[in-house]
Amino acid sequence: MGSSKMESTLEKIDFESDEESPLTLSQSAGAKQSFQFETSSHTSVPKFRTLRKLQFTAFHSVYVVLFKAKINVLLPFGPLAVLMHYMTGRHGWVFFFSLLGITPLAERLGYATEQLACYTGNTVGGLLNATFGNATEMIISIYALKNGMIRVVQQSLLGSILSNMLLVLGCAFFTGGIVHYPKVQRFNQTAAIVSSGLLLMAVMGILFPAVLHFTHTEVHFGKSELALSRFSSCIMLVAYASYLFFQLKSHANLYDSVDEERENDGDEPEEEEAPEITMWEAIAWLTILTLWVSVLSGYLVDAIQGASDSWNMPVSFISVILLPIVGNAAEHASAIMFAMKDKLDITLGVAIGSSTQISMFVIPFCVVVGWIMGQPMDLNFQLFETASLFITVLVVAFMLQEGTSNYFKGLMLILCYLIVAASFFVHIDNKSDDD
């Protein structure tokens, strides 16, 4: 009995002496850096490691953003477009190279936004994706507006809405439907209906100035239409601000994704992808890419008319079809990627959210900016363009009613876009000739 008690006492002493061994003390000193006997050489090591780590993360960030994606092989076409502008003055080539140069930038903007969305959540992430996805269109529009090219602004923004609603959403539904066949993909029906209502309100705001103009029922010819456009734009901006409050604050629970509802019902949640770059790196890249897009946009806008003449192609086709396809590269890539991952709520947030943002924020914003600049930018998009928008919104609203998607719905939307593209290829814009 006494011997066993003595053995346990010895074990206890050994255990305590192990805890207070010099090795343990040095390890804890390295971890906490709080012991007085730590030498200056020990303090310099962590600083060196931190510097090495910062250098590594910087190189890793540059590699991931600028070299990893295959589409980045098009990046050199941006500087080439600038050289062509000053050395040859051939507008067709400058326009073509600017288009190629902006395409990877738009896609990388989308990537950086997705990385930032990893830190913000789905709803705010979708909104950020739509906002920075539309940065290209906004920059191009402001440059064109500054040069007095009002029809280019109107048509490129209209084309962006049509492209997002028909081509981007159609491709996302189509690829998602094939990847997950025969499963029916589902999305938040309430959020889709609210977006459809906002898009119909935007059509209403754009429709009335056009009807007023073509029925010749203005009180003051040429002035009433512009005054109505500016008033409607202010109303649309208020409506969009209210929508943001509704979406992000007062009724945020309505925007819970179908995936989150499945998790709450007891289904196993899918593993979240870890971000490849940090939040501040994502913000830095968004700033750099937006600045470079703004530089290239200036050369792109300057070359539009020359490209139209040299290619014998209508300016309306270039503005409505070609410019938005490039500007929507970010939305296109991310919407398809999320649809393939069965995250249709983010897909809709990108495609329909982007269309809603352009129609309810970017277009009215450009009218107000034109007002400040002294440019007569209005909401009269002409009958042909307004009719295209109206029919597109109706078709998409019907597609979103059920809250489900499949490859056939996607195929129909893509085919509708081909009809719209063909229509603008044979359409002559009389108003641009008058200007």
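Reader: What's the volume of the second largest cavity here?
Author: About 40 Å³, counting the space filled by probe spheres set on grid points joined across faces, edges and corners. A cavity is a set of points, on a 1 Å grid over the protein atoms alone, where a 1.4 Å probe fits but cannot get out. This is a predicted model, where local features need pLDDT of at least 70 and side-chain atom pairs pLDDT 80 or more, while totals for chains, interfaces and linings use all residues. Residues are numbered from 1 along each chain as its sequence is written, and side-chain values use heavy atoms, without hydrogens or water.

Reader: How many cavities of 30 Å³ or more are there?
Author: Searching the whole structure turns up two.

Reader: Ok, which residues line the second largest one?
Author: E137, I140, S156, S319, L323 and P324, each with an atom within 4 Å of a point. Two elements, α7 (135-146) and α14 (315-327), give two or more residues each to this lining. Helices here are DSSP runs of H or I, at least four residues, numbered from the N terminus.

Reader: Which one gives the largest share?
Author: α14, with three residues.

Reader: New topic: how do α5 and α14 cross?
Author: The axes of α5 (residues 91-117) and α14 come within 8 Å and cross at roughly 40°. Axes are lines fitted to C-alpha atoms over the stretch in contact, with angles from 0 to 180 degrees between N-to-C directions. The two helices are therefore oblique to each other, meaning outside under 35, over 145 and 65 to 115 degrees.

Reader: Which residues make that contact?
Author: From α5, F95, L99, I102, T103 and A106; from α14, I318, L322, L323, V326 and G327. Contact means heavy atoms within 4.5 Å.

Conventions
On a 1 Å grid over the protein atoms alone, a cavity is a set of points where a 1.4 Å probe fits but cannot get out, and a pocket is an open set with protein on both sides within 12 Å along at least five of seven lines; lining residues have an atom within 4 Å of a point.
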